[in-house]
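Please open the structure in the viewer and keep the selection panel at hand. The stops below are arranged so that each selection can be followed by the next.

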Amino acid sequence: MTPADLSRALYDLVLALAERRRAAGDEVELELSAADVTLERPKLREHGDWASSIAMRVAKPLGTNPRQIATELAAGLAEIDGVASTEVAGPGFINIRLDAAAAGALAKTIVGVGAEYGRGDSLAGSVINLEFVSANPTGPLHIGHTRWAALGDSIGRVLRAAGAEVANEYYINDAGTQMENFGASVLAAAKGEPTPEGGYPGSYIGDLAAQVLEREPKLLELDEPVALHTATEIAYELQLAEIRASLDRFNVHFDVWTSERRLQLKGEDGLSDVDTAVERLRAQGHVFDEDGAIWVRTTDFGDDKDRVIRRGSGAYTYFAADAAYYLDKRDRGFQHKIYLLGADHHGYVHRLKALAGAAGDDPERDIEVLIGQLVSINGAKLSKRAGNIIELDDLQAWLGTDALRYTLARYPADSPLTIDPEILTRRTNDNPVFYVQYAHARTCAVDRNAASVGLDRSAFAPELLTHETESALLGALQEFPRIVAQSAELREPHRVARYIEELAGLYHRWYDNCRVLPLGEEPIGPLHHTRLWLNDATGQVLRNGLGLLGVSAPERM
């Protein structure tokens, strides 16, 4: 019996109880959906496998005290196949114990559905655009981008596992002053001149200049404006390719790469998406003209001040590009837009929400802005190429993709993080990623050893899984779908990481107490076969959890 089965049974009992009240002449207005009937794991195992507080939620509409309702519901649950016992605790909690066969049957279910176990439909029908990283293509990715890459990709994975349709998007800030300074820096390096004021230092600029000259040997013979344009375009192409390659090596992939330049490109009518964005917002009634400039009345939606979208000079502000980009996402069919931004972007939260409102959307429903905090790594060296940053490529080469991705996804986005590389490079249990991966490798070793002695999954007797470590392990396996759904709903993949660490610990304790393989000349029996199912189910859930974090599940360590 799965938690979902148990929740549904409890929901049906509540509806039946309400119907009996109505039949007795009571006025009952019960607004309750199946999703409202949730189960929790008791903090103490002796209290049972599951607990519910639903009686306290429905007491008022049913017109009686919670404990009386809990008593009636507990009696109904006790009659259901697979429920060993129920009891009422406190003001109206219901504690539920499953019999061993019902609990143990989950092992076979997990092996049967494999990689699909844990996936659900709680977000089915949601179409989500998830934008993250979006670094300027003027240099290599640094440690901050590394955190947003790991977090953003993991958020996308748990959202998909919950049934949402998700597009990972990278917004390329390839227009404006920063690109002009980037191109001027590359051209200066190609000429052997110092970095211009406001330009980009670092030896990577020299490397790009060398590649530009290799691609265009006559660069320095061109007129200055042509040379600058040529250097900018080639260096941009090279730097963006490097960013893509770095992210691919980090196991982070984007479905959409959107160029800011495209939004500024003039169409046949002479207008760009930025031009039309102003008029589209005006049509919603939130644009006004004042002092020769065009403004958006973002204070209507909680912003601290109205925003200029086009200056009196005719030049557009950054807000204009933001507006065009937001409308572009909406035009592409994304009902919900999630932005994952860095710690220095707190000011964007109200601005973007106000923009959503000005565009005619619901700022509380259609847009979500997640702010990540800073990350530092003890002993990390600044990039030799960039000079003033710690590069993603250097971190990956030093710590490895798995250790880096797991650690960055293991903490909430809004918490500052300092990583200890000494721990991450150890092959010991105090290294969380090693601890979980080792548990998975151990399940694979059990499989190999079982095959060598002729033990397989040809028999299954779940009622034999009665050891306390088996009960605890099965209880944790039941939790995985709820953890995935919660991680998706809250945009918190760290919950998956903490869960699989707990699961690994329960597996190691079970492994130490319950033999899967027969000992010595002991014949293979039903318990050995059944425990192999439980071993393989645990390995599958560990593998599924690691996959949601973009981390590998090695079979040998």
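How many of the 5 residues of strand 4 (residues 127-131) are buried? Select residues 127-131 to examine this in the model, which is a predicted one. In strand 4, 5 of the 5 residues are buried, so the strand is largely enclosed by the rest of the structure.

**Strand 4 and its neighbours**

Display the side chains of strand 4. V127, N129 and E131 point one way, whereas I128 and L130 point the other way, and all are buried. In a regular strand the side chains alternate between the two faces of the sheet.

Add strand 5 (residues 165-172) to the selection. Strand 4 and strand 5 run parallel and are joined by 5 bridges. Centre on E131 to find its bridge partner in strand 5, E169. Next, add helix 5 (residues 143-161): together with strand 4 and strand 5, helix 5 makes a right-handed β-α-β unit.

Then select strand 10 (residues 336-341). Strand 10 is also parallel to strand 4, and 4 bridges join the two. Within this pairing, L130 stands opposite I338 of strand 10.

**The whole chain**

Zoom out to view the complete model. The chain contains 19 helices and 13 strands. Along the principal axes, its C-alpha atoms fill a box of roughly 85 × 70 × 40 Å. Of its 557 residues, 53% count as buried. The chain exposes about 24900 Å², of which carbon and sulfur atoms supply 50%. Among contacts between residues at least 6 apart in sequence, 71% join residues at least 24 apart.

**An open sheet**

Select strand 1, strand 2 and strand 3. These 3 strands form an open sheet in the order 1-3-2, with antiparallel pairing. Strand 1 (50-52) and strand 2 (83-89) stand at the edges; each has a single partner strand, so one side of each is left without a neighbour in the sheet. Neighbouring strands of this sheet are turned by 20 degrees against each other on average, direction ignored.

Focus on strand 2 and strand 3 (residues 93-98), which pair in the antiparallel sense over 6 bridges. Here A89 stands opposite F93 of strand 3. Now show helix 1 (residues 3-23), which packs on the sheet and touches strand 1, strand 2 and strand 3. The direction of helix 1 makes about 30 degrees with that of strand 1.

**The loop holding T64**

Select T64, which lies in the loop between helix 2 (54-62) and helix 3 (66-78). Is T64 buried or exposed? Its relative accessibility is 19%, and T64 therefore counts as buried, the cut-off for buried being under 20%. To inspect its surroundings, show R21, A59 and I69; T64 touches these residues, leaving aside those up to four places away in sequence.

**Salt bridges**

Side chains of opposite charge can pair when their charged atoms come close. The count for this model comes to 36 salt bridges, and a few may be visited in turn.

Select D331 and R280, whose side chains meet in a salt bridge (2.8 Å, N to O). This pair links distant parts of the chain: D331 is in helix 11 (residues 318-331) and R280 in helix 10 (residues 273-283), 51 residues apart. D331 is partly exposed, with a relative accessible area of 49%, and R280 is partly exposed, with a value of 31%.

Move to D536 and R457, where the side chains meet in a salt bridge (2.5 Å, N to O). Here too distant parts of the chain are linked, with D536 in helix 19 (residues 526-548) and R457 in the loop between helix 16 (432-452) and helix 17 (468-490), 79 residues apart. D536 counts as buried at 9% relative accessibility, whereas R457 is partly exposed at 35%.

Next, select R365 and D366, whose side chains also meet in a salt bridge (2.8 Å, N to O). R365 counts as exposed at 54% relative accessibility, while D366 is buried, with a relative accessible area of 6%.

For the final stop, which residues are linked with E169 in a network of salt bridges? Select R262, D273, D328 and R332, which are linked with E169 in that network. E169 was met earlier as the bridge partner of E131 in strand 5.

Terms used: Residues are numbered from 1 along each chain as its sequence is written. This is a predicted model: local features need pLDDT of at least 70, side-chain atom pairs count only at pLDDT 80 or more; totals for chains, interfaces and linings use all residues. Side-chain values use heavy atoms; hydrogens and water are left out. Helices (H or I, at least four residues) and strands (E, at least two) are DSSP runs, numbered from the N terminus. Buried means under 20% relative accessible area, exposed over 50%, partly exposed in between (1.4 Å probe, protein chains only). Contact means heavy atoms within 4.5 Å. Two strands pair if DSSP finds at least two bridges between them. A crossover is right-handed if, with the strands pointing away from the viewer, the path from the first strand over the helix to the second runs clockwise. A salt bridge is a side-chain nitrogen of Lys or Arg within 4 Å of a carboxyl oxygen of Asp or Glu. Accessible areas come from the Shrake-Rupley method with a 1.4 Å probe; for residues, only the protein chains shown count as cover. Axes are lines fitted to C-alpha atoms, for helices over the stretch in contact, and angles run from 0 to 180 degrees between N-to-C directions.
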